[in-house]
Amino acid sequence: MTGFIDKVGNLAKKAADKTGDMVEIGMLNSKIGAQRQNISSMKERMGGIVFEQFRQGIELSEELTQFCQQIEEIEAAITKMQKDIQDLKE
């Protein structure tokens, strides 16, 4: 009977260890997600700085200049759509 109780005790300990591991894995995954969000936020801020430099006439690489020009085209399209909305409301 002692052997059976020991086996049950060992199984319970293993289950508790696994549960603890799963909790730790969940916490680590949460921290990883937060750090990835932090990176995304920093990249967004960097992009804002680059775009502002473009608007100020600071020379950028060709690739960055193309991105900034595309953003300006999109902004112009948004402005036109907003005007269209206003026209429709009148």
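Three residues, I74, I78 and M81, make up a nonpolar patch on the surface of this protein, and together they offer about 280 Å² of accessible area. I74 belongs to helix α2, which covers residues 62-89. Please keep in mind as you turn the structure around that this is a predicted model.

**Overall form**

Let us step back to the whole chain. The protein is built with 2 helices and 0 strands. Its radius of gyration is 28 Å, well over the 12 Å that the globule rule gives for 90 residues, so the protein is more spread out than a compact globule. Along the principal axes, the C-alpha atoms fill a box of roughly 85 × 40 × 15 Å.

How much of the protein counts as buried? Of its 90 residues, 6% do. The area that the protein exposes comes to about 8200 Å², and 60% of that is supplied by carbon and sulfur atoms.

Two pairs of residues give a feel for the distances involved. D6 lies in helix α1, and its C-alpha atom is separated by 74 Å from that of I58, which is 52 residues away along the chain. D6 has a relative accessible area of 45%, so it is classed as partly exposed. Q86 is found in helix α2; from C-alpha to C-alpha, Q86 and V23 are 53 Å apart in space, with their positions 63 residues apart in sequence. With 41% relative accessibility, Q86 counts as partly exposed.

**Charges and salt bridges**

The protein carries 12 positive and 15 negative side chains, and the centres of these two sets are 13 Å apart. Side chains of opposite charge can pair when their charged atoms come close. Here, a search of the whole structure turns up 3 salt bridges, and the table sets them out with the distance from N to O.

| Salt bridge | N to O distance |
|---|---|
| E75 and R55 | 2.5 Å |
| K80 and D84 | 3.1 Å |
| K83 and D87 | 3.0 Å |

Which parts of the chain does the pair of E75 and R55 tie together? The side chains of E75 and R55 meet in a salt bridge. E75 lies in helix α2 while R55 lies in helix α1 (residues 2-55), so this pair ties together parts that are 20 residues apart in sequence. Both partners can be placed on the accessibility scale: E75 is partly exposed at 32% relative accessibility, and R55 is partly exposed with a relative accessible area of 46%.

The bridge between K80 and D84 sits within helix α2, where the two residues are 4 residues apart and are separated by about one helical turn. K80 has a relative accessibility of 51%, so it counts as exposed. Its partner D84, at 31%, counts as partly exposed.

K83 and D87 also both lie in helix α2, with a spacing of 4 residues, or about one turn of the helix. D87 has a relative accessible area of 39% and is therefore partly exposed.

**Back to helix α2**

Helix α2 is a good place to finish a tour of the model. It holds I74, one of the residues of the nonpolar surface patch. E75 in helix α2 pairs with R55 in helix α1, while K80 and D84 are partners inside helix α2, where K83 and D87 lie too.

Conventions: Residues are numbered from 1 along each chain as its sequence is written. This is a predicted model: local features need pLDDT of at least 70, side-chain atom pairs count only at pLDDT 80 or more; totals for chains, interfaces and linings use all residues. Side-chain values use heavy atoms; hydrogens and water are left out. Patches are made of residues with over 30% relative accessible area and no salt bridge: like charges are joined within 9 Å, nonpolar side chains (Val, Leu, Ile, Met, Phe, Trp, Tyr) within 5 Å. Accessible areas come from the Shrake-Rupley method with a 1.4 Å probe; for residues, only the protein chains shown count as cover. A salt bridge is a side-chain nitrogen of Lys or Arg within 4 Å of a carboxyl oxygen of Asp or Glu. Buried means under 20% relative accessible area, exposed over 50%, partly exposed in between (1.4 Å probe, protein chains only). The radius of gyration is taken over C-alpha atoms; the globule rule is 2.2 Å times the number of residues to the power 0.38. Lys and Arg count as positive and Asp and Glu as negative; His and the chain ends are not counted. The place of a charge is taken as NZ of Lys, CZ of Arg, CG of Asp or CD of Glu.
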